[in-house]
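Q: Please take a close look at one part of this model and describe, in a connected way, how its strands, helices and any bound metal are arranged. I would also like to see how a strand in the other chain compares in its surroundings.

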Amino acid sequence: MSSPEKWTHPGPDAAPATAAKPTAEQVIAGLRATDEGGADLVQLLTPEGERVQHPDFDIDITGEELRGLYRDMVLVRRVDREANALQRKGELGIWVPLLGQEAAQIGAGRALRPQDMAFPSYREHGIAWTRGVKPTELLGIFRGTDNGTWDPVEHRFHPYTIVIGNQVLNAAGYAMGQKFDGKVGDADGEATICFFGDGATSQGDVHEGFVWAAVYDAPLVFFCQNNQWAISEPTERQSRLPLYQRARGYGFPGIRVDGNDVLATLAVTRWALEECRQGNGPILIEAFTYRMDAHTTSDDPSRYRLSDELELWKLKDPIERVKVHLVKQQWADQAFFESVEAEAEQIAIELRDYCVNLPDPPAGRIFSEVYAEGNPVLEAQRDEFLAYHAGFAGGEH
Amino acid sequence: MAAPTMDRPTSAAPAAVQTLTIAKALNNGLRASMEANPKVIVMGEDVGKLGGVFRITDGLQKDFGEQRVLDTPLAESGIIGTAVGLAIRGYRPVCEIQFDGFIFPGFDQIVSQVAKLHFRTQGRLKVPMVIRVPFGGGIGAVEHHSESPESYFAHTAGLKVVACSNPADAYWMIQQAIDCDDPVLFFEPKRRYYEKGEVDTTAAPGPLFASRTLRTGTDVTLVTYGPMVRTSLDAAAAAEEEGRSLEVIDLRTLSPLDLAPVYESVRRTGRLVVVTEAPSESSISSEIAAKVQQECFYSLQAPVLRVTGFDTPYPPSKLEEEFLPDLDRVLHAVDRSLAW
Ligand SMILES: Cc1ncc(C[n+]2csc(CCOP(=O)(O)OP(=O)(O)O)c2C)c(N)n1
Ligand SMILES: [Mg+2]
């Protein structure tokens with residue numbers, strides 16, 4: 001796999017690569033987007049729960065903080081599994097699982113400060129959690145009652161974006177606004193984070209987002225969750241090069257972090273956001289992780305990937321390693337783990353109750369809020385529709 | 001069945017008439033084109049190993065290889081833009097857009113290059129490519145998966161736009177579109193993918209750019225295409241029980257429009273209802289209404305009425321039954337037309 005010397009570390013002070021020239025064959029062999037990243041992968045907690053040091057990205061963590069991260073991950077996993085089950089029971093039209101990506105999302109989400117803004121794609125249920133969006137508020141999108149009900153301004157959490165890549169440009173523009181407003185340049189400044197997948201990195205919008213953020217020095221952290229798959233296509237369909245290395249071509253640092261390591265993800269994202277806050281953005285983070293479930297509940301991964309792969313990744317489970325570490329450090333006892341389980345159970349119950357009782361929206365909702373200033377043509381159409389609809393209610397037909 | 005004779009071999013030939021779903025008919029049609037012409041290639045997101053999210057390209061990569069069935073990077077502008085290059089190089093690309101709402105990243109390539117290269121080069125370059133688009137709602141999906149964007153393309157000179165509504169057309173129209181030297185936007189009614197019908201694989205039922213009368217009637221003409229064909233036929237059957245005779249015309253081609261059968265029909269019935277899922281403002285249904293009033297002015301006994309999706313974004317799926325024209329809304333319009 002790619003040897004450490006082949007890639008210079010692209011950390012904060014990275015210089016352009018000038019090291020030994022690889023042969024053409026080595027170059028091609030090394031340019032695999034799915035390579036594990038070797039020494040470039042920032043990791044602070046091994047899959048076995050061992051704490052390791054990193055020269056650039058270390059972090060002091062207390063037992064209390066780590067218990068908090070553990071709790072977050074267990075709860076969002078439970079939300080995810082419950083919603084998946086609700087889809088299977090016919091209560092949701094579709095669900096987009098986050099299983100396996102808990103550390104990437106909780107690590108990134110907990111690095112954010114209240115003044116920061118986040119732009120999700122559609123799998124960021126863990127980020128939603130860290131932005132104070134109630135899990136129940138995610139359900140309407142997937143049940144078909146609404147397109148998301150949280151207030152993006154209050155939570156500083158943009159609506160889910162389904163068209164791949166669109167939100168990256170929107171995030172770049174938002175971050176430009178933070179800069180134009182003078183909110184960048186000190187330790188209390190603002191920053192923006194934008195989430196997208198490995199597949200999304202092929203979209204023009206994402207490349208344009210890189211260009212815009214770079215030329216305007218926007219305080220934007222591009223957070224790519226490389227979960228190895230874009231539906232049925234592996235990451236090497238999108239890139240020869242490990243994705244984080246693309247950043248250099250656009251003129252900003254790119255870092256690959258173990259996305260199944262919540263500590264490393266927290267440390268790297270916190271660093272990246274601080275850099276952006278100070279005016280040293282943008283920065284690309286590639287969180288190397290794995291989509292442990294299907295793409296969505298409509299997908300059948302057995303058609304395109306081996307279950308062996310999943311088995312290997314299960315050994316790198318993001319939650320298990322934290323649990324092991326908590327126990328090793330004697331930072332948590334059985335009572336703690338049981339209380340988190342009980343809390344998860346309670347959230348699952350609330351989610352179910354909320355979901356099955358979610359009312360269908362009134363028909364007239366189709367016409368509401370299409371325009372900020374209204375549209376008389378549409379209002380006439382709405383009135384005609386409502387009259388027609390009332391005719392049914394009155395039993396005319 | 002005629003008895004076998006010396007000059008009519010019956011042995012090896014597969015059954016000429018098969019019962020297929022629209023999805024399977026498309027798959028068979030693609031396969032037939034790929035077998036007939038080695039320059040036909042299929043490209044798109046997840047079309048290879050997975051066979052597409054609707055399985056329309058199921059098994060094609062296995063049989064024709066990765067150079068003829070390309071799992072492309074995730075970018076619609078890339079899919080369509082590279083297909084243009086392949087097309088002018090002599091290939092016949094068939095691009096799959098995964099869902100209607102995802103065609104827009106490719107809109108620039110479609111409008112600026114796909115549509116105009118022939119014109120811009122005084123005919124020296126042809127762009128014989130097909131862009132397949134599963135379109136329309138009714139499947140309980142999330143945002144951007146249920147749209148009807150066909151009018152944007154019918155509005156663009158240089159593109160041909162068709163929509164199939166049944167398995168026989170699916171099987172033949174896809175092959176005819178691939179054979180066409182102009183670029184063709186090929187709309188597939190995704191919520192009807194699994195409806196079955198008979199397909200005669202020995203002979204095409206007619207040319208690609210022609211509408212077809214599916215049911216004759218004397219009181220009101222219904223003109224429609226794609227997923228609304230089934231709805232309109234059901235409405236005609238229901239109306240018959242109430243003693244009203246509806247004629248149903250499947251447009252099949254949205255650009256160029258083939259309205260001669262519509263004019264002929266309206267001259268007999270004096271009444272026209274256009275049924276589309278797409279919103280009504282500045283659309284294919286507007287175009288039909290304008291042309292029919294121009295051509296059939298003295299025959300019309302009622303204004304041309306339209307039953308369409310509303311001029312709003314496609315709603316969350318719990319509201320889609322209200323948004324989509326259904327049997328009741330079609331019959332309501334028929335009543336209004338007759339009562340004029
Ligand atoms: C513009 C656009 N094209 C196609 C799709 C259909 N689609 C939805 S998710 C997806 C794969 C995305 O992969 P990735 O970016 O890796 O994100 P992941 O789903 O793995 O989180 C595709 C092709 C879409 N939503 N938007
Ligand atoms: Mg992915």
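A: In this predicted model, strand 6 of chain A pairs with strand 7 (residues 283-288) of chain A in the parallel sense, and five bridges connect the two. One of the residue pairs involved is Gly254(A), whose bridge partner in strand 7 of chain A is Leu284(A). The two strands belong to an open sheet of five strands in chain A, with the order 1-2-3-7-6 and parallel pairing. Strand 6 (254-258) of chain A is an edge strand of this sheet, as is strand 1 (117-119) of chain A, each pairing on one side only. From one strand to the next, the twist averages 20 degrees. As a rule, strands of a sheet pair through backbone hydrogen bonds, in either a parallel or an antiparallel manner.

Helix 10 (residues 262-277) of chain A lies across strand 6 and strand 7 of chain A, and also across strand 2 (192-197) and strand 3 (220-226) of that chain. Relative to strand 6 of chain A, helix 10 of chain A runs at about 155 degrees.

Strand 2 of chain A also leads towards the metal site, since the loop between strand 2 and helix 8 (204-215) of chain A holds Asp198(A). The magnesium ion (ligand 2) is coordinated by Asp198(A) through OD, by Asn227(A) through OD1 and by Trp229(A) through O, at 2.1 to 2.2 Å. Along the chain, these donors follow the spacing D-x28-N-x1-W. Asp198(A) and Trp229(A), the latter in strand 4 (residues 229-230) of chain A, are 31 residues apart, and the pair links distant parts of the chain. Both Asp198(A) and Trp229(A) are buried.

Turning to chain B, strand 10 (residues 220-224) is mostly covered, with five of its five residues buried. In a regular strand, side chains alternate between the two faces of the sheet. For strand 10 of chain B, Val220(B), Leu222(B) and Thr224(B) are buried on one side, while Thr221(B) and Val223(B) are buried on the other, and both faces are thus covered. Strand 10 of chain B runs parallel to strand 11 (residues 246-250) of chain B, to which five bridges join it, and Val223(B) has Ile249(B) as its bridge partner there. Between these two strands the chain passes through helix 8 (residues 228-241) of chain B, in a β-α-β crossover that is right-handed. Strand 10 of chain B also pairs in the parallel sense with strand 13 (residues 272-279) of chain B, over four bridges, and in strand 13 of chain B the bridge partner of Val223(B) is Val274(B).

Note on methods: Residues numbered from 1 in each chain as written. Chains lettered and ligands numbered in written order. Predicted model: local features only at pLDDT ≥ 70, side-chain atom pairs only at ≥ 80, totals over all residues. Heavy atoms only, no water. Pairing = 2+ DSSP bridges. Axes fitted to C-alpha atoms, helices over the stretch in contact; angles between N-to-C directions. Contact = heavy atoms within 4.5 Å. Donors = N, O, S within 2.8 Å, 3.2 Å for Na, K, Ca; no water. Buried < 20%, exposed > 50% of the residue type's maximum accessible area, 1.4 Å probe, protein only. Right-handed = clockwise from strand over helix to strand, strands pointing away.
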